[in-house]
Amino acid sequence: MAASREKESLAKVLAHEGGYSNNKADPGGPTMKGVTQRVYDGYRRGKGLSTRSVKNITTAELNDIYDKQYWDAVKGDLLPDGVDYVVFDGGVNSGPGRSIMWLQQALRPAYTGPIDGVVGVGTLAALKAVNNNDALIDCICDARMNFLRHLGTFRLSAKAGRRVSPKCARSARHGRPARSRRPPTSSPVVRQRPWSRMPRQRHRPRRPTWQPVVASPAAGSLAR
């Protein structure tokens with residue numbers, strides 16, 4: 001896979017990971033652009049460096065972590081266009097091994113090997129047999145959501161502002177090539193603004209449509 005595909009996938013991930021966060025309700029703990037403090041500490045120790053706050057992570061360190069610990073770990077260069085991003089995004093949030101398991105589950109029955117979280121010969125052979133990557137992406141995201149819903153931390157993540165359902169939907173949308181996304185309908189639905197936000201219109205009294213009756217001289221003489 002060309003290097004641009006990895007850069008493009010990383011740009012999509014960073015676009016919705018945000019900056020620094022340290023919400024007590026988030027089980028991930030202190031996080032900077034998707035990299036947790038625990039992952040950053042392990043990276044620094046592996047380089048023989050002292051640990052420090054993840055807020056101080058450099059761009060070079062960030063790119064190296066995403067490249068070595070996530071993209072290479074899911075064998076992103078060997079995955080089809082679109083599928084590589086979805087598996088990469090899942091690996092960032094739940095670990096590369098778990099994301100590969102979702103891929104293997106989605107490849108059933110073409111994939112007959114064990115769900116072991118390792119991209120091997122069997123996984124790659126099953127990928128070659130797939131003729132609809134869009135459907136595969138949907139199956140991967142379904143497996144991901146099914147797993148996350150059964151976690152005890154699912155509600156805690158929602159409280160922390162990490163809305164998993166929209167994130168999975170966005171991952172599926174970004175994973176599909178632009179040419180295969182559903183085109184807009186010929187008559188798009190126009191959203192109406194809530195009444196509370198509608199601009200106030202100045203009330204202008206309407207002119208009466210009736211004409212006042214003017215008594216004629218003859219009518220006046222009769223009245224006398």
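Two residues are said to be in contact when heavy atoms of theirs lie within 4.5 Å, and with this meaning in hand, 53% of the contacts in the protein between residues at least 6 apart in sequence join residues at least 24 apart. The legends below describe a predicted model.

**Figure 1. The whole protein is built from ten helices and three strands.** Followed from the N terminus, the elements run α-β-β-β-α-α-α-α-α-α-α-α-α, with the three strands coming after the opening helix in that order. The protein has 224 residues, of which 33% are buried. It exposes about 15,000 Å² of surface, and carbon and sulfur atoms supply 53% of that area.

**Figure 2. Three strands make an open, antiparallel sheet.** The strands lie in the order β1-β2-β3, and the two at the edges, β1 (20-21) and β3 (35-36), each pair on one side only. Strand β2, which covers residues 31-32, runs antiparallel to β1 and is joined to β1 by two bridges. Within this pairing, S21 has T31 of β2 as its bridge partner. The loop between β2 and β3 contains K33, whose phi is near 55°, a positive value in a residue other than glycine. K33 is partly exposed, because its relative accessibility of 34% falls between the limits of 20% for buried and 50% for exposed.

**Figure 3. Helix α2 contains several buried residues, and R44 is one of them.** The buried residues of this helix are Q37, V39, Y40, D41, Y43 and R44, and what covers them includes strand β3 and helix α3 (59-71). An α-helix has 3.6 residues a turn, so residues three or four places apart point the same way. Is R44, in helix α2 (residues 37-46), buried or exposed? R44 counts as buried because its relative accessible area is 8%, which is under the limit of 20%. When neighbours within four places in sequence are left aside, R44 is in contact with L49, S50, T51, R52 and E61. Just after the helix, G48 takes a positive phi of about 75°.

**Figure 4. W71 and F88 form an edge-to-face aromatic pair.** The model has four aromatic pairs by the rule used here. In the pair shown, the ring centres of W71 and F88 are 5.2 Å apart and there are 75° between the planes. This pair links distant parts of the chain, since W71 belongs to helix α3 and F88 to helix α4 (residues 83-94), 17 residues apart. Both W71 and F88 are buried, and together with Y66 and Y70 they form one aromatic cluster. In the loop between α3 and α4 lies K75, which has a positive phi of about 55° although it is not a glycine. K75 is partly exposed, with a relative accessible area of 36%.

**Figure 5. Two lysines lie over the faces of tyrosine rings.** K12 lies over the face of Y85, at 5.3 Å from the ring centre. In a similar arrangement, K55 lies over the face of Y20, at 5.1 Å from the ring centre.

**Figure 6. The peptide bond from R108 to P109 is cis.** The omega angle of this bond is near 0°. P109 itself is placed in the loop between helices α5 (96-106) and α6 (121-128).

**Figure 7. C139 takes part in no disulfide.** A disulfide is a covalent bond between the sulfur atoms of two cysteines. How many disulfides does the structure hold? The structure holds zero disulfides, and for C139 the nearest cysteine sulfur, that of C141, is 9.5 Å away. This distance cannot count as a disulfide, because the two sulfur atoms would have to lie within 2.5 Å. C139 is found in helix α7 (residues 133-149) and is partly exposed, with a relative accessible area of 37%, whereas C141 counts as buried at 7% relative accessibility. The C-alpha atoms of C139 and L103 are separated by 8.2 Å, although these residues are 36 residues apart along the chain.

Methods. Residues are numbered from 1 along each chain as its sequence is written. This is a predicted model: local features need pLDDT of at least 70, side-chain atom pairs count only at pLDDT 80 or more; totals for chains, interfaces and linings use all residues. Side-chain values use heavy atoms; hydrogens and water are left out. Two strands pair if DSSP finds at least two bridges between them. Helices (H or I, at least four residues) and strands (E, at least two) are DSSP runs, numbered from the N terminus. Buried means under 20% relative accessible area, exposed over 50%, partly exposed in between (1.4 Å probe, protein chains only). Accessible areas come from the Shrake-Rupley method with a 1.4 Å probe; for residues, only the protein chains shown count as cover. Rings of Phe, Tyr and Trp (its six-membered ring) pair if their centres lie within 6.5 Å; planes under 30 degrees apart count as stacked, over 60 as edge-to-face and the rest as tilted. A charge sits over a ring if NZ of Lys or CZ of Arg is within 6 Å of the ring centre and within 35 degrees of the ring normal.
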